Amino acid sequence: MTAASDTRYMRLALGLGRRGQGLTWPNPAVGCVIVNQDRIVGRGWTQPGGRPHAEVVALAQAGALARGATVYVTLEPCAHHGQTPPCAEALVAAGVARVVIAVQDSDPRVDGAGVSILTQNGIAVESGICATEAQNDHAGFFLRTDLGRPLVTLKLASSFDGRIATGTGQSQWITDAPARRVVHAMRARHDAVMVGGGTARHDDPFLTVRGLGDVPQPVRVVVSRRLDIPLMGALARTTTEVPVLLCHGQDADPVLQDTWRDLGAQLLPCATRGSQLDPRDVLQKLGDHGLTRVFCEGGSALAASLIEADLVDRLVGFTAGMAIGAEGLPNIGALGLGNLSEAARFKLLELKQIGPDICHVWTRPYVV
């Protein structure tokens with residue numbers, strides 16, 4: 001295989017892996033392509049719920065043609081016995097000749113052990129092909145493995161002057177229908193959609209993916225210290241249809257806790273920091289729950305707390321060509337900055353027009 005061929009097949013594997021984003025947590029969304037004599041004989045991606053793994057799906061499709069083939073996989077094959085045998089051993093048993101890996105798995109149960117199994121059985125291994133793209137795709141999995149928390153994408157839809165509502169609270173709709181459709185597609189690629197208690201009270205959102213057909217729904221997360229969320233609202237009415245996780249303070253009303261449990265919600269008690277929930281503890285609790293990718297849609301207080309705690313990995317902005325004025329609600333609450341040098345800096349990743357609006361995507365330096 002040439003370097004160009006390796007890159008081409010790995011990019012195909014990356015595209016396959018993205019099909020599983022939002023569906024495989026706590027496992028990573030891996031893609032796999034098997035090539036024999038420059039012909040693709042097997043393709044696979046991690047299935048909903050995290051199993052079977054991408055390599056197993058691709059090997060089943062390839063059958064006997066896997067013998068002597070080259071396997072392209074976006075993450076180091078697993079090496080530990082869990083609900084299924086290790087993928088590294090499955091590749092050995094299939095008789096593949098070469099395995100090309102995009103990035104090494106940082107999970108302590110793997111972390112080079114998958115490569116060792118392959119090389120000890122005479123299989124040629126090459127790593128680092130399309131590593132940057134793979135690091136980006138698996139960033140949520142790595143953050144949970146290394147830091148115990150999920151990747152956080154903060155989405156803000158605002159006017160040109162950074163407002164998310166008028167002074168009277170009117171917010172529907174600042175951006176147009178095409179941008180809202182893109183937001184639903186972004187929700188579908190995350191494990192969870194998260195909002196603050198204020199947004200849940202004022203907007204009464206469903207936080208579901210709509211307009212994209214029959215697709216699996218992300219978990220809905222509300223961060224509310226007091227659990228003062230409408231008990232007759234959209235979330236309460238649909239807890240048995242789409243999972244709801246409520247992050248609340250230890251001092252939340254026990255009656256409200258019992259009521260939400262009876263409605264079918266799962267409750268995660270979190271530590272407080274001042275008058276608010278500690279965002280670091282909130283994310284640790286979500287990581288403990290297995291979530292790897294969280295799509296936060298505000299509001300302004302939650303956005304500010306996440307930015308202040310340096311917990312936002314990606315910013316997604318949808319900006320409309322309208323001005324609301326200083327009396328409107330800002331998209332990010334007070335951060336208490338005295339100097340520009342204290343402000344978090346993000347790197348522009350993408351800029352494009354969506355209908356009449358502008359979408360701009362920014363990333364932290366270590367997440368591309």
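# A walk through the predicted model

Let me begin with one residue, Asp228, which counts as partly exposed at 35% relative accessibility. Before going further, I should say that what we have in front of us is a predicted model. Asp228 forms a salt bridge with Arg201, and the closest N and O atoms of the pair are 2.9 Å apart. Asp228 sits in the loop between β9 and α9 (234-237), whereas Arg201 belongs to helix α8, so this salt bridge ties together parts that are 27 residues apart in sequence. Arg201 is likewise counted as partly exposed, at 35% relative accessibility.

That pair is one of a larger set, since the count for the structure comes to 16 salt bridges. Another of them joins Asp258 and Arg261, with 3.3 Å between the closest N and O atoms, and here both residues lie in helix α10 (residues 254-263), three residues apart, which is about one turn of the helix. Asp258 is partly exposed, with a relative accessible area of 43%, and Arg261 is also in the partly exposed class, at 42%. The side chains of Glu350 and Lys352 meet in a further salt bridge, at 3.1 Å from N to O; Glu350 is partly exposed at 34% relative accessibility, and Lys352 is partly exposed at 37%. There is also a network, in which salt bridges that share partners join Arg149, Asp310, Asp313 and Arg364.

Let me now turn to the interior. Which residues have the most contacts inside the largest nonpolar core? They are Met10, Ile34, Val96 and Val99, in a core of 39 residues. Several elements supply at least two residues each to this core, among them α1 (3-18), β1 (31-36), β3 (70-75) and α6 (139-147). If we look at Ile34 and leave aside its neighbours within four places in sequence, we find it in contact with a long list of residues, including Ile40, Val41, Ala58, Leu59 and Val71. Separate from this is a second core of 28 residues, which includes Ala192, Cys247, Val282 and Leu302.

Leu302 brings us to helix α12, as Leu302 is one of the buried residues of that helix, together with Ser300, Ala303, Ala304, Ser305, Leu306 and Ile307. Seven of the nine residues of α12 (residues 300-308) are buried, and the helix is therefore largely enclosed by the rest of the structure. The backbone on either side of this helix deserves a careful look. In the loop between β14 (293-296) and α12 we find Gly299, and the peptide bond that joins Gly298 to Gly299 is cis, with omega about 10 degrees. Just after α12, Asp310 takes a positive phi of about 60 degrees, and Asp310 is also a member of the salt-bridge network I mentioned.

As general background, most residues other than glycine have a negative phi, and most peptide bonds are trans. A cis bond is also found from Arg51 to Pro52, with omega near -5 degrees, and Pro52 lies in the loop between β2 (39-45) and α2. Positive phi values appear as well in the loop between α8 (197-203) and β9 (219-223), where Asp204 is placed: phi of Asp204 is near 50 degrees, and that of Leu207, in the loop between α8 and β9, is about 60 degrees. Are these two residues buried or exposed? Asp204 counts as partly exposed at 32% relative accessibility, whereas Leu207 is buried, at 3%.

What does a search of the whole structure find in the way of disulfides? It finds zero. Cys78, for instance, is in no disulfide, and the nearest cysteine sulfur, that of Cys87, is 3.7 Å away, which is beyond the cut-off of 2.5 Å for a pair of sulfur atoms. Cys270 is in no disulfide either, with the sulfur of Cys247 as its nearest cysteine sulfur, 4.4 Å away. Both cysteines are nevertheless buried, Cys78 with a relative accessible area of 9% and Cys270 with 0%.

I will finish with a loop residue and a piece of the surface. Thr175, in the loop between β7 (163-165) and α7 (177-188), is buried, with a relative accessible area of 9%. Not counting residues up to four places away in sequence, Thr175 touches Ala157, Arg180, Phe318, Ala320 and Asp357. On the surface, Leu348, Leu351 and Ile358 form a nonpolar patch with about 270 Å² of accessible area together. Leu348 lies in strand β17 (residues 347-354) and counts as partly exposed at 41% relative accessibility.

Note on methods. Residues are numbered from 1 along each chain as its sequence is written. This is a predicted model: local features need pLDDT of at least 70, side-chain atom pairs count only at pLDDT 80 or more; totals for chains, interfaces and linings use all residues. Side-chain values use heavy atoms; hydrogens and water are left out. Buried means under 20% relative accessible area, exposed over 50%, partly exposed in between (1.4 Å probe, protein chains only). Helices (H or I, at least four residues) and strands (E, at least two) are DSSP runs, numbered from the N terminus. A nonpolar core is a set of buried Ala, Val, Leu, Ile, Met, Phe, Trp, Tyr and Cys residues joined through side-chain atoms within 4.5 Å. Contact means heavy atoms within 4.5 Å. Patches are made of residues with over 30% relative accessible area and no salt bridge: like charges are joined within 9 Å, nonpolar side chains (Val, Leu, Ile, Met, Phe, Trp, Tyr) within 5 Å. Accessible areas come from the Shrake-Rupley method with a 1.4 Å probe; for residues, only the protein chains shown count as cover. A salt bridge is a side-chain nitrogen of Lys or Arg within 4 Å of a carboxyl oxygen of Asp or Glu.
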